[in-house]
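I set out to record what can be read from this model, entry by entry. My notes take the contact between chains before anything else, then each chain, then selected details of packing and backbone.

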Amino acid sequence: MDFNDIRIVLYLFLPLLSFIILIFFGSKIKDKSHLIALPIIGLTLLNSLSLLFKSLFSHHGLHLENSIEWFNTGSLVISLGYMIDNVSIIMLCVVSLISFLVHLYSSEYMKGDSRYSRYYAYLGIFTFSMNGIVLSDSLIMMYIFWELVGLSSFLLIGFWFEKPNPPLAANKAFLTNRVGDIGMFIGIMMLFFSFETFNINELVNEISSESIYLTIAGILVFMGAVGKSAQFPLHIWLPDAMEGPTPVSALIHAATMVAAGVYMTYRIFPFLTPDALMVVALIGAITAFAAAISAITRNDIKAVLAYSTISQLGYMVMALGVGAHIYAFFHLVTHAMFKACLFLCSGSVIHAMHHSLHHLDDHHTDPQDMNNMGGLKDKMPITHAAMLISTFAIAGVPFFSGFLSKDGILAGTLSYYHNHHGWTVILPIAGFGAAMITAFYMFRLIFKTFYGKPKKPEIFKHIHESPFAMTIPLILLSVLSLAFIFTFDFNPLHADGWFKDMIGYGKHNFLDMNEIKHGIHHAHDQAMILSLLVAFVGIVASIVFYYLNKVNVDKVSKFLDMIGLYRLSKNKFYVDEIYNLFLYQPFMKFSKIASIVDWDYYDQKFIDSWGWITLKISKLSGNADYNILDQKIIDGTSHLTNFTSKKLKKIQSGIIQNYLLGGFMCLVIIFLLIQQFN
Amino acid sequence: MNTLESYLFVSSILFTFGIFGVITRKNAVAILMGIELILNSANINFIAFNRFGNFQILDGHVFSIFVVVLAAAEAAIALAIIINLFKNIGTVDVDEAKELRG
């Protein structure tokens, strides 16, 4: 074990240590829990940053690998190990940075919660398992940590389990993820049985020929990402997952865990066949576009952000599908920063709303509903500024990070269309369409929340800016949403920089990455102009609709409703309803039939008839036992004894002379007998 | 008159009377008297067999003396019992003393 090994192990065990301390001694630590968790996560962050700098200043980047045997059943050897390259270093930085900021933020946001220490414990186990995913060198180890993040997500979504909705949302998230994870596991096993290894690098090296088998295996493994990264059709859990505390939404359901699916697909990207990648791209495109449309009509501030997250994850997946995996990872990182910032800002707003409502003793108004907000700009300047910056980033405005990564993805889709033609035109259409809608609904959110007249003046009166522990993460994250951070280049349209150099295009087993690189480069100018245009249109439309109020929104929505669009968005494309109709209802019907067969027929008729027969037999047997054996034979013996002794007791008259007479008579008889037989 | 049979005949009669007395009499004292008769009939037998049995020693006589002594002791005890019986149940009628009836 050298220094690096110890360091890697620390990644895993520092957050685990935090979990162990807080889960076992939490009841004693209580309100001081963050004093334990914060330094531990801070150490993890320092660890990651030092690795990042070490990698930045070394020429070829870091590449560390080590593994130990876990168990061995003859031919099957399963090993646990880590694999560190530039991608995992950046991912580790993202995870530990956002985890640290969320820890800091939560110390204020969750203050006074009755399960404060447990909350930090869950954050600890989440960070532990997320680091595990990033560090894993094999699919099976990744799968283990994959399930662990699922568990911590489940625990944190259902954190306020005394309320009615969170437990349901937690179950929904867990079960929906199950569907994807089963596919992933089957895929991993398919890969294992044909290539006899779980190790990702070995898989990449060994797979050399395309086959339908490999395509299916790849798509199945990708199913895990569909579940975890909330891709269509398994995206339904993510909006519900917003029932968890807002910092948790920022950490798990926006920045890191949902991006784990993208990270995993990034890892297996080199051996995904072109056919599998096409499926990946299509799923990403559908998700990006449909989720963006659903986001327009949300009124809950967190629901808008949830659908926006789904949409952005769709972008990343689509980027992987079209081969622009470098931009997928780039977007993962930039998205982690600005989406975490957006969520924390929304948390700040909700926190303020909640306090104001608490002050008014109002427990019915929804603190997350944007219809109750408005005009918060002056009351919460820091939150407003941070949210505005990250909105610029997500909308794809130059000078902000989202522009660079989204631009690359859009160039990737355009290049893909140029190479394939035909139906693939829907990929750039979905990409640009979603970009426009994103700009539109994000500014709708900003305008409805921070601008205009306050919709509820009495609530507005008591709104205050959040304390420093909450605003510091906002400031830091909004700074990290600037394009400059990722390029160190003052040209806002230029995406090349340290970040891209660190990742590189790499190689693909079946695709020519150079060709893709040139294709993207070629489509880049076209994509940039188009993306600037759509972002501009989206923002202007939003300004017209929600800031200047020039157009009556109700009229427009009524008009759109005539062609069914509004309703489609409002009802989130009826995905939940479709599941309800085609999965839930038939399942319930089937269960009902099964229950009738089981209860009414099997139980009531069959099982109970056995009971009836047994009852009859035991009645008969009881009868035989009591009336015949007991009454006749057993009691008969005693009756006989009784009768005999009643008769015999008359002999015992107590008159001594009778006895004597009897004795004498006997004697006489004996003498007579002796005489007879002599 | 000098034969064994005549002695045995007398003792048999005595024994029969004794038994008859013991069995039929209700008075405890009369029963005691019957017992004495039986004992004495046995004594007659002892002596008669000794006399006609060509015995060199006087075993029969010795036994009859034992029986007489025994009878005296027995009479004393029996009378004591009778007195106690009378004290307890106020009569010497043996039919009244049937505490042992089953």
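**Entry: contact between the chains.** I looked up where the two chains of this predicted model touch, and found 10 residues of chain A in contact with 10 residues of chain B. I then sorted the chain A side of that contact by class: five residues are nonpolar, four are polar and one is charged.

**Entry: chain A overall.** I noted 26 helices and two strands in chain A. I asked what radius of gyration chain A has beside that of a compact globule of 678 residues. The globule would come near 26 Å, whereas chain A has 37 Å. Along the principal axes, I read a C-alpha span of about 150 × 70 × 55 Å for chain A. Of the 678 residues in chain A, 47% are buried. I also checked contacts in chain A between residues at least 6 apart in sequence, and 79% of them join residues at least 24 apart.

**Entry: chain B overall.** I recorded three helices and zero strands for chain B, in the order α-α-α from the N terminus on. Its radius of gyration is 17 Å, against a value near 13 Å for a compact globule of 102 residues. The C-alpha atoms of chain B fill a box of roughly 50 × 25 × 25 Å along the principal axes. Buried residues account for 13% of the 102 residues in chain B. For contacts in chain B with a separation of 6 or more, I found that 47% come from residues 24 or more positions apart.

**Entry: α13 and α17 of chain A.** I examined helix α13 (residues 301–321) against helix α17 (residues 426–450), both of chain A; they pack at an angle of about 155°, with axes 11 Å apart. The two helices are therefore roughly antiparallel. I noted the crossing of α13(A) and α17(A) as left-handed. From α13(A), the contact is made by A:I301, A:V304, A:S308, A:S311 and A:M318. The residues of α17(A) in this contact include A:G431, A:A434, A:T438 and A:Y441. By class, I listed eight nonpolar, five polar and no charged residues for the contact of α13(A) with α17(A).

**Entry: α11 and α14 of chain A.** I next took helix α11 (residues 257–268) and helix α14 (residues 325–359) of chain A, which pack at about 155° with their axes 10 Å apart. This angle makes α11(A) roughly antiparallel to α14(A), and their crossing is left-handed. I found A:A259, A:V262, A:Y263 and A:Y266 of α11(A) meeting A:H325, A:A328, A:F329, A:L332 and A:A336 of α14(A). The class count for α11(A) with α14(A) is eight nonpolar, one polar and no charged residues.

**Entry: backbone details in chain A.** I looked into the loop between α8 (212–228) and α9 (237–240) of chain A, where A:P233 is found. The peptide bond from A:F232 to A:P233 is cis, with omega near 0°. The loop between α8 and α9 of chain A also holds A:A230, whose phi is near 55°, a positive value in a residue other than glycine.

A:F399, in the loop between α15 (381–395) and α16 (401–420) of chain A, is not a glycine but has a positive phi of about 80°.

I then asked whether A:A230 is buried or exposed. With 32 other C-beta atoms within 10 Å, A:A230 is buried, since 20 or more are required. A:F399 has 16 such atoms within 10 Å and is therefore partly exposed.

Definitions and conventions: Residues numbered from 1 in each chain as written. Chains lettered and ligands numbered in written order. Predicted model: local features only at pLDDT ≥ 70, side-chain atom pairs only at ≥ 80, totals over all residues. Axes fitted to C-alpha atoms, helices over the stretch in contact; angles between N-to-C directions. Helix = DSSP H or I, 4+ residues; strand = E, 2+ residues; numbered from the N terminus. Parallel < 35°, antiparallel > 145°, perpendicular 65-115°, else oblique. Left-handed = near helix turned anticlockwise from the far one by under 90°. Contact = placed C-beta atoms within 7 Å. Nonpolar A, V, L, I, M, F, W, Y, C, P; charged D, E, K, R; others polar. Rg over C-alpha atoms; globule rule 2.2 N^0.38 Å. Buried ≥ 20, exposed ≤ 12 C-beta atoms within 10 Å, placed from the backbone.
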